[in-house]
Amino acid sequence: MAKETTGVGAAAPADAKGNGAAPALNILAQYVKDLSFENPGAPKSLGPRDKAPEININVNVNANPLGETEFDVVLTLNAVAKNGETVVFNVELVYGGVFRVANFPQEHMLPLLFIECPRLLFPFARQIVADATRNGGFPPLLIDPIDFAQMFQQRMAEEKTKAQVDNPVN
(Lines give C-alpha, C1' and ligand atoms only; values in the text may rest on other atoms or scores of the structure.)
Protein backbone atom coordinates (compact mmCIF):
# COMPACT_ATOMS: atom_id res chain seq x y z
CA MET A 1 0.00 0.00 0.00
CA ALA A 2 1.48 3.37 -1.02
CA LYS A 3 1.72 6.21 1.47
CA GLU A 4 1.14 9.85 0.68
CA THR A 5 4.02 12.13 1.67
CA THR A 6 3.89 15.74 2.76
CA GLY A 7 6.16 18.48 1.46
CA VAL A 8 8.42 18.12 4.48
CA GLY A 9 9.12 14.47 3.68
CA ALA A 10 7.14 12.71 6.42
CA ALA A 11 4.55 10.06 5.66
CA ALA A 12 1.01 11.40 5.99
CA PRO A 13 -1.68 8.98 7.14
CA ALA A 14 -5.18 9.01 5.73
CA ASP A 15 -7.60 11.33 7.50
CA ALA A 16 -9.91 10.10 10.27
CA LYS A 17 -12.45 8.90 7.70
CA GLY A 18 -9.78 6.89 5.89
CA ASN A 19 -10.23 8.67 2.57
CA GLY A 20 -6.59 9.61 2.08
CA ALA A 21 -7.21 13.36 2.07
CA ALA A 22 -4.42 14.15 4.50
CA PRO A 23 -3.19 17.73 4.74
CA ALA A 24 -0.17 18.39 2.52
CA LEU A 25 2.23 21.30 2.16
CA ASN A 26 4.64 21.19 -0.78
CA ILE A 27 7.23 23.71 -1.94
CA LEU A 28 6.93 23.81 -5.72
CA ALA A 29 9.55 26.52 -6.33
CA GLN A 30 11.81 28.98 -4.52
CA TYR A 31 13.23 32.10 -6.13
CA VAL A 32 15.01 35.41 -5.64
CA LYS A 33 12.62 38.12 -6.80
CA ASP A 34 14.89 41.04 -5.92
CA LEU A 35 18.36 41.31 -4.41
CA SER A 36 20.11 44.60 -3.81
CA PHE A 37 23.39 45.26 -2.02
CA GLU A 38 24.73 48.78 -1.62
CA ASN A 39 28.18 49.61 -0.30
CA PRO A 40 28.18 53.40 -0.77
CA GLY A 41 31.44 54.12 1.05
CA ALA A 42 33.60 51.46 -0.58
CA PRO A 43 36.51 51.06 -0.44
CA LYS A 44 36.87 53.32 2.64
CA SER A 45 34.05 51.50 4.45
CA LEU A 46 36.01 48.23 4.31
CA GLY A 47 38.83 49.39 6.58
CA PRO A 48 39.18 48.71 10.31
CA ARG A 49 36.70 50.47 12.59
CA ASP A 50 36.56 51.37 16.26
CA LYS A 51 33.11 49.90 16.83
CA ALA A 52 30.64 47.70 15.01
CA PRO A 53 28.01 49.49 12.93
CA GLU A 54 24.43 49.64 14.15
CA ILE A 55 22.35 47.22 12.07
CA ASN A 56 18.60 47.62 11.65
CA ILE A 57 16.76 44.61 10.19
CA ASN A 58 13.18 44.69 8.90
CA VAL A 59 11.19 41.60 7.96
CA ASN A 60 7.89 41.35 6.11
CA VAL A 61 5.80 38.44 4.82
CA ASN A 62 3.10 38.53 2.15
CA ALA A 63 1.09 35.78 0.50
CA ASN A 64 -0.99 35.77 -2.67
CA PRO A 65 -3.11 33.01 -4.17
CA LEU A 66 -1.99 31.69 -7.55
CA GLY A 67 -4.78 29.15 -7.86
CA GLU A 68 -7.11 27.13 -5.71
CA THR A 69 -4.32 25.29 -3.86
CA GLU A 70 -1.18 27.22 -4.85
CA PHE A 71 0.16 30.31 -3.12
CA ASP A 72 3.08 32.66 -3.64
CA VAL A 73 4.65 33.51 -0.27
CA VAL A 74 7.19 36.35 -0.27
CA LEU A 75 9.68 37.04 2.51
CA THR A 76 11.30 40.49 2.45
CA LEU A 77 14.48 41.09 4.47
CA ASN A 78 16.08 44.53 4.62
CA ALA A 79 19.23 45.21 6.65
CA VAL A 80 20.83 48.64 6.94
CA ALA A 81 24.16 49.06 8.73
CA LYS A 82 25.06 52.57 9.85
CA ASN A 83 28.03 54.17 11.54
CA GLY A 84 26.38 57.24 13.03
CA GLU A 85 24.39 58.72 10.14
CA THR A 86 26.64 57.17 7.48
CA VAL A 87 25.28 54.09 5.71
CA VAL A 88 27.93 51.36 5.74
CA PHE A 89 25.85 48.88 3.74
CA ASN A 90 22.26 48.23 2.78
CA VAL A 91 21.02 44.82 1.66
CA GLU A 92 17.48 44.03 0.56
CA LEU A 93 16.23 40.60 -0.40
CA VAL A 94 12.78 39.67 -1.67
CA TYR A 95 12.69 35.86 -1.60
CA GLY A 96 9.65 33.87 -2.60
CA GLY A 97 8.28 30.40 -2.69
CA VAL A 98 5.39 28.80 -4.48
CA PHE A 99 3.56 26.43 -2.16
CA ARG A 100 0.85 23.87 -2.79
CA VAL A 101 -1.46 23.67 0.19
CA ALA A 102 -4.06 20.91 0.17
CA ASN A 103 -6.66 19.60 2.59
CA PHE A 104 -6.08 22.07 5.42
CA PRO A 105 -9.10 23.57 7.21
CA GLN A 106 -9.77 27.17 6.15
CA GLU A 107 -9.03 28.48 9.65
CA HIS A 108 -5.47 27.09 9.37
CA MET A 109 -4.66 28.76 6.05
CA LEU A 110 -3.49 32.17 7.29
CA PRO A 111 -1.21 30.75 10.01
CA LEU A 112 0.13 28.22 7.51
CA LEU A 113 0.90 30.89 4.88
CA PHE A 114 2.29 33.50 7.29
CA ILE A 115 4.09 31.26 9.81
CA GLU A 116 5.00 27.87 8.36
CA CYS A 117 5.79 28.90 4.77
CA PRO A 118 8.18 31.75 5.71
CA ARG A 119 9.75 29.47 8.33
CA LEU A 120 10.62 27.08 5.50
CA LEU A 121 11.97 29.90 3.29
CA PHE A 122 13.98 31.71 5.97
CA PRO A 123 17.15 29.54 6.07
CA PHE A 124 17.66 30.03 2.33
CA ALA A 125 17.02 33.79 2.51
CA ARG A 126 19.34 34.08 5.53
CA GLN A 127 22.15 32.42 3.58
CA ILE A 128 21.67 34.75 0.60
CA VAL A 129 21.93 37.81 2.87
CA ALA A 130 25.03 36.37 4.57
CA ASP A 131 26.66 35.70 1.18
CA ALA A 132 25.79 39.18 -0.13
CA THR A 133 27.34 40.96 2.86
CA ARG A 134 30.41 38.70 2.77
CA ASN A 135 30.82 39.29 -0.97
CA GLY A 136 30.48 43.02 -0.29
CA GLY A 137 33.63 42.88 1.85
CA PHE A 138 32.03 42.63 5.31
CA PRO A 139 31.68 39.78 7.77
CA PRO A 140 28.61 37.71 6.82
CA LEU A 141 25.42 39.06 8.36
CA LEU A 142 23.81 36.07 10.03
CA ILE A 143 20.26 37.12 10.86
CA ASP A 144 18.96 35.59 14.09
CA PRO A 145 16.07 33.14 13.79
CA ILE A 146 12.73 34.88 13.40
CA ASP A 147 9.60 34.04 15.38
CA PHE A 148 7.08 34.11 12.55
CA ALA A 149 4.28 33.07 14.92
CA GLN A 150 4.86 36.19 17.03
CA MET A 151 5.04 38.34 13.87
CA PHE A 152 1.73 36.86 12.70
CA GLN A 153 0.02 37.44 16.06
CA GLN A 154 1.28 41.04 16.12
CA ARG A 155 0.05 41.62 12.58
CA MET A 156 -3.40 40.19 13.39
CA ALA A 157 -3.62 42.39 16.52
CA GLU A 158 -2.66 45.48 14.48
CA GLU A 159 -5.27 44.67 11.82
CA LYS A 160 -7.93 44.11 14.50
CA THR A 161 -7.08 47.45 16.11
CA LYS A 162 -7.12 49.21 12.73
CA ALA A 163 -10.52 47.68 11.92
CA GLN A 164 -11.89 48.91 15.26
CA VAL A 165 -10.57 52.43 14.61
CA ASP A 166 -11.92 52.45 11.03
CA ASN A 167 -15.32 51.04 12.05
CA PRO A 168 -16.09 52.17 15.63
CA VAL A 169 -19.17 50.68 17.25
CA ASN A 170 -21.60 53.39 18.37
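## A sheet with two helices packed on it

Strand S6 is a good place to start: twelve of its 17 residues are buried, so the strand is largely enclosed by the rest of the structure. Keep in mind that this is a predicted model. Here's how the surroundings of S6 are put together.

### The overall picture

The chain has six strands and two helices. Reading from the N terminus, the order is β-β-β-β-β-β-α-α. The chain has 170 residues, and 30% of them are buried. About 10800 Å² is exposed, with carbon and sulfur atoms supplying 53% of that area. If you take the contacts between residues at least 6 apart in sequence, 64% of them join residues at least 24 apart.

### The sheet

Which strands sit together in the sheet, and in what order? Four strands make an open sheet that runs S3-S6-S5-S4, with antiparallel pairing. At the edges are S3 (24–38) and S4 (54–65), each of which pairs on one side only. From one strand to the next, the twist averages 15 degrees.

As a reminder, strands of a sheet pair through backbone hydrogen bonds, either parallel or antiparallel. Going through the pairs here, S3 and S6 run antiparallel and are joined by 13 bridges. S5 (residues 70–83) and S6 (residues 86–102) are also antiparallel, pairing over 14 bridges. S4 and S5 pair in the antiparallel sense over twelve bridges.

Some of the individual bridge partners are handy for finding your way around the sheet:

| Residue | Bridge partner | Strand of the partner |
|---|---|---|
| Glu38 | Asn90 | S6 |
| Glu70 | Arg100 | S6 |
| Asp72 | Val98 | S6 |
| Ala63 | Val73 | S5 |

You can add Leu77, which stands opposite Leu93 in S6.

### Turns and loops

How many residues separate S5 from S6 in their hairpin? There are two residues between these strands, and Gly84 in the turn has a positive phi of about 70 degrees. S4 and S5 form a hairpin as well, with four residues between them.

The loop between S3 and S4 holds Pro43. The peptide bond leading into this proline from Ala42 is cis, and its omega is near 5 degrees.

Past the end of S6, the loop between S6 and H1 contains Asn103. Asn103 has a phi near 65 degrees, which is a positive value in a residue other than glycine. Is Asn103 buried, exposed or partly exposed? Its relative accessibility is 45%, so it counts as partly exposed, since that value falls between the 20% and 50% cut-offs.

### The helices

Back to the sheet for a moment: S5 and S6 pair over 14 bridges. Helix H1 (residues 109–135) packs on this sheet and touches S3, S4, S5 and S6, with its direction making about 140 degrees with that of S6. Helix H2 packs on the sheet too, touching S4 and S5, and its direction makes about 70 degrees with that of S4.

Does the length of H2 come out long, short or as expected? H2 has 19 residues (148–166), which at 1.5 Å a residue should span 27 Å; the end C-alpha atoms are 26 Å apart, so the two values agree. At the start of H2, Asp147 has a side-chain oxygen that reaches to within 3.2 Å of the backbone nitrogen of Ala149.

### A closer look at Thr133

One residue of H1 deserves a stop of its own: Thr133, which is placed in that helix. Why does Thr133 count as buried? Its relative accessible area is 0%, and buried means under 20%.

What does Thr133 touch? Setting aside neighbours within four places in sequence, Thr133 is in contact with Phe37, Phe89, Val91, Phe138, Pro139, Pro140 and Leu141. Of these residues, Leu141 also has a polar link to Thr133: the backbone nitrogen of Leu141 lies 2.8 Å from a polar atom of the Thr133 side chain.

Definitions and conventions
Residues are numbered from 1 along each chain as its sequence is written. This is a predicted model: local features need pLDDT of at least 70, side-chain atom pairs count only at pLDDT 80 or more; totals for chains, interfaces and linings use all residues. Side-chain values use heavy atoms; hydrogens and water are left out. Buried means under 20% relative accessible area, exposed over 50%, partly exposed in between (1.4 Å probe, protein chains only). Contact means heavy atoms within 4.5 Å. Accessible areas come from the Shrake-Rupley method with a 1.4 Å probe; for residues, only the protein chains shown count as cover. The expected span of a helix is 1.5 Å times one less than its number of residues. A polar contact is a pair of N or O atoms within 3.5 Å; within protein, one must be able to donate a hydrogen and the other to accept it, and residues adjacent in sequence count only if both atoms are side-chain atoms. Two strands pair if DSSP finds at least two bridges between them. Axes are lines fitted to C-alpha atoms, for helices over the stretch in contact, and angles run from 0 to 180 degrees between N-to-C directions.
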